[in-house]
Amino acid sequence: MTEYIPSPRKWVADQVELYEGSNGAEGTTLRETGLPVIIVTNRGWKTGAIRKPPLMKVSDGDRYVLVASQGGSPKNPLWYHNLKADSNVDIQDGTEVHFMEVREVPEGQERDRLWDIAVKAYPPYEEYQQRTNRLIPVFLARLAD
């Protein structure tokens with residue numbers, strides 16, 4: 001069995017533990033914002049270990065939009081590299097877990113449409129984009145075949 005390595009950020013590790021420990025009944029919102037989050041289980045690109053970042057829940061029908069904002073930092077979050085290396089993830093949305101495939105959406109109409117959906121779900125994304133020179137990556141997750 002592959003090892004799970006919790007986030008070094010205590011609040012993130014605590015949230016994942018609460019989310020999973022309650023089978024998705026608790027810990028389903030971003031701290032005090034009340035906005036919903038999902039848990040994206042993926043494999044570390046360097047270690048091969050299991051990682052579980054909670055990300056903002058952004059839906060496009062039965063698909064999820066994953067935004068690699070990292071608060072507008074100059075670098076992509078580590079999970080970005082994980083998804084580029086292995087496109088297979090499990091997404092826990094409350095009590096439901098879905099096996100999904102992700103792909104990065106290149107610049108263009110589709111990315112613009114998904115970005116607008118993401119900003120509507122979580123308005124700070126717009127500010128995060130203004131803080132950084134990098135184009136914040138957007139992934140689209142769909143049910144795996």
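In this predicted model, Asp90 stands opposite Phe99 in strand E7. The pair belongs to a longer partnership, for six bridges join strand E6 to E7, and the two strands run antiparallel. Between them the chain makes a hairpin with two residues between the strands, where Gly94 takes a positive phi near 65°.

Strand E7 (residues 96–104) also has a partnership with strand E8 (residues 138–143): five bridges join them, again in an antiparallel arrangement. Two facing pairs help to find this place on the screen. Arg103 stands opposite Leu140 in E8, and Glu104 stands opposite Phe139 in E8. Leu140 is a handy landmark, since Val65 stands opposite Leu140 as well. Val65 brings strand E5 (residues 63–67) into the picture, as four bridges join E5 to E8, with the strands running antiparallel. As a rule, side chains in a regular strand alternate between the two faces of the sheet.

Attention can now turn to helix H1, which spans residues 10–21. Its twelve residues reach 16 Å from the first C-alpha to the last, close to the 16 Å expected at 1.5 Å a residue. Which residues of H1 are buried? They are Val12, Ala13, Gln15, Val16 and Tyr19. Seen down the helix axis, these buried residues fall within an arc of 160°, so they line one face of H1. That face has clear partners: the buried residues pack against strand E1 (37–43), strand E3 (54–56) and strand E6 (88–93). On the other side of the helix, Lys10, Glu17 and Gly21 are exposed. After H1 comes Asn23, whose phi is positive, near 55°.

A closer look at Glu20 and Thr41 links the helix to its surroundings. Glu20 lies in helix H1 and counts as partly exposed because its relative accessibility is 26%, between the limits of 20% for buried and 50% for exposed. Leaving aside residues up to four places away in sequence, Glu20 touches Ile39, Thr41, Lys52 and Gln92. By contrast, the C-alpha atoms of Glu20 and Lys75, which are 55 residues apart along the chain, are separated by 28 Å. Thr41 has its place in strand E1. With a relative accessible area of 17%, Thr41 is buried, because the cut-off for that label is under 20%. With the neighbours up to four places away in sequence again left out, Thr41 touches Glu20, Ile50, Arg51, Lys52, Asn88, Val89 and Asp90. The text thus returns to Asp90, the residue opposite Phe99.

What lies in the interior? In soluble globular proteins, nonpolar side chains tend to be buried together. The largest nonpolar core here has 20 residues, and Met56, Val65, Val67, Trp115 and Tyr125 touch the most other members. Several elements contribute to this core: H1, E1, E5, helix H3 (109–121), helix H4 (124–131) and E8 each supply at least two residues. The largest share, four residues, comes from H3. Tyr125 gives a good view of the packing: beyond residues up to four places away in sequence, Tyr125 touches Met56, Val58, Val67, Ser69, Trp115, Ala118, Val119 and Ile136. Apart from this core lies another, of 15 residues, and among them are Tyr64, Trp79, Tyr80 and Met100.

Notes. Residues numbered from 1 in each chain as written. Predicted model: local features only at pLDDT ≥ 70, side-chain atom pairs only at ≥ 80, totals over all residues. Heavy atoms only, no water. Expected span 1.5 Å × (residues − 1). Buried < 20%, exposed > 50% of the residue type's maximum accessible area, 1.4 Å probe, protein only. Arc of directions from axis to C-beta. Contact = heavy atoms within 4.5 Å. Pairing = 2+ DSSP bridges. Core = buried A, V, L, I, M, F, W, Y, C linked by side-chain atoms within 4.5 Å.
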